[in-house]
Amino acid sequence: MGLTPAAALAVDAGNSKTDVALVSADGAVLGSARGGGFRPPAAGAGRAVASLARTVARAARAAGLETRPGAPLAEHVSACLAGADLPCEERGLADRIGALGWGRTLRVANDTFAVLRAGLPDDGSPGHGVAVVCGAGINCAGVAADGRVHRFPAVGRLSGDWGGGGGLAEEALWHAARAEDGRGEDTELARALPAHFGLPSMYALIEAFHLGRLPGGRRHELVPVLFAVAARGDAVARFLVHRQAEEIAVMASVALERLGLLDTPVPVVLGGGVAAARHPLLHDRLLGLLAGRAPLAAVRVVTAPPVLGAGLLALDRLEAGPAPYARLRAHYAGRAARD
């Protein structure tokens, strides 16, 4: 086992999964590991970081690095984390991760910044952009060329958020339940959602989720069903998909306006499982909305794992040359193609 640390430890810890990579100074991925979701609000910051530490240890073993107390694994740690939604949360998580001694320097940021960096060029031109992540949840962050940042609290309905995979599943269930019992407009969702689980009715599906016969985590399976029903022309399902497009467009355009970028050519980067899937009903609607509100915005979809962005942020900090950036991007381009 070697003792020489890597140049960078890149972490993308999202709501549904965590990716960790140790990267050399020339952009090679020395070792990587995947873990479960990172949810400090639900699990507590201590337990969430402890789980992350186990994933980091597996990546270190894959890289042939020895994990010892006080022995850093990397020169710099770039940790892009779900749950780091407020500055005080970033500071608290940075304190906990810094105490583990993984790197000589450390930067903690919300995981939206990993998606943003993955969608920006490596030569700093432009040095501004906005990212919207629509995956399990929804979030947006933007950066101006002078370093100013605009972001949203993104802690759910409390902070005005709507949608993401979890929100879409809840909305689909709500409308389907009311359609079946007569309180709402008829929708094919009332039949398609229970059929997905082999159940005869929404009543049976509600009972299964309520009593735990179906774990709540399986609700995410309903999002593709929603999009399929919408594609067949169902009015309720189409309304939900179009509203999701509206929410993404609103977040992006507000961030652009607050940063003074509405009249500037600017990348708008889309990431997360819902947005990156390019469902035509969602994507085409979103492009139309953004064309009206921010005509100079250039939409880019990131399909590479967001840990790429965390790694690129680390290479920025280390002032890497063009070759390391290209090598790291090539690694994750190949991985995205395999996935």
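1. A crossing of two helices is called left-handed if the near helix is turned anticlockwise from the far one by less than a right angle, and right-handed if the turn is clockwise. In this predicted model, α5 passes α9 in a right-handed crossing, and that pair of helices is a convenient place to begin.

2. Two packed helices are described by the angle between their axes and the distance between the axes. For α5 and helix α9 (residues 235-258), the axes come within 11 Å and cross at roughly 155 degrees. Because angles over 145 degrees count as roughly antiparallel, α5 is described as roughly antiparallel to α9. On the side of α5, the residues in the contact are Gly164, Leu168, Glu171, Ala172 and His175, and they meet Val236, Leu240 and Gln244 in α9. Sorted by class, the residues of this contact are four nonpolar, three polar and one charged.

3. A second helix pair is formed by helix α2 (residues 45-63) and helix α3 (residues 87-98), which pack at an angle of about 45 degrees with their axes 10 Å apart. That angle makes α2 oblique to α3, and the crossing of these two helices is right-handed. Here Ala45, Gly46, Val49 and Leu52 in α2 meet Leu93, Arg96 and Ile97 in α3, and by class the contact has five nonpolar residues, one polar residue and one charged residue.

4. Helix α2 also takes part in enclosing empty space. Rolling a probe the size of a water molecule over the atoms shows where such space is left, and a search of the whole structure finds one cavity of 30 Å³ or more. The largest cavity has a volume of about 30 Å³, and its lining consists of Thr18, Gly36, Gly37, Phe38, Ala48, Ser51, Leu52 and Thr55. Which element gives the most to this lining? The answer is α2, with four residues. Leu52 deserves a second look, since this residue of α2 is among those that meet α3 and is also one of the residues that line the largest cavity. By class, the lining of the cavity has three nonpolar and five polar residues, with no charged residues.

5. The second largest pocket should be considered separately from the cavity, and its volume is about 350 Å³. The elements that give two or more residues to its lining are β4 (74-81), α4 (112-118) and α12 (307-317). The pocket is lined by 16 residues, and those that lie nearest its centre are Arg107, Arg117, Leu120, Leu313 and Asp316. By class, the lining of this pocket has seven nonpolar, four polar and five charged residues.

6. Two details of the backbone are worth checking by eye, and each is found in a loop. A cis peptide bond joins Ser125 and Pro126, with omega at about 0 degrees, and Pro126 lies in the loop between α4 and β6 (129-134). In the loop between β8 (149-151) and α5 (164-181) is Ala154, whose phi is near 55 degrees, a positive value in a residue other than glycine.

Key. Residues numbered from 1 in each chain as written. Predicted model: local features only at pLDDT ≥ 70, side-chain atom pairs only at ≥ 80, totals over all residues. Heavy atoms only, no water. 1 Å grid on protein atoms, 1.4 Å probe; cavity = no way out; pocket = protein on both sides within 12 Å on 5 of 7 lines; lining within 4 Å. Points joined across faces, edges and corners; volume = space filled by probe spheres on them. Nonpolar A, V, L, I, M, F, W, Y, C, P; charged D, E, K, R; others polar. Axes fitted to C-alpha atoms, helices over the stretch in contact; angles between N-to-C directions. Parallel < 35°, antiparallel > 145°, perpendicular 65-115°, else oblique. Contact = heavy atoms within 4.5 Å.
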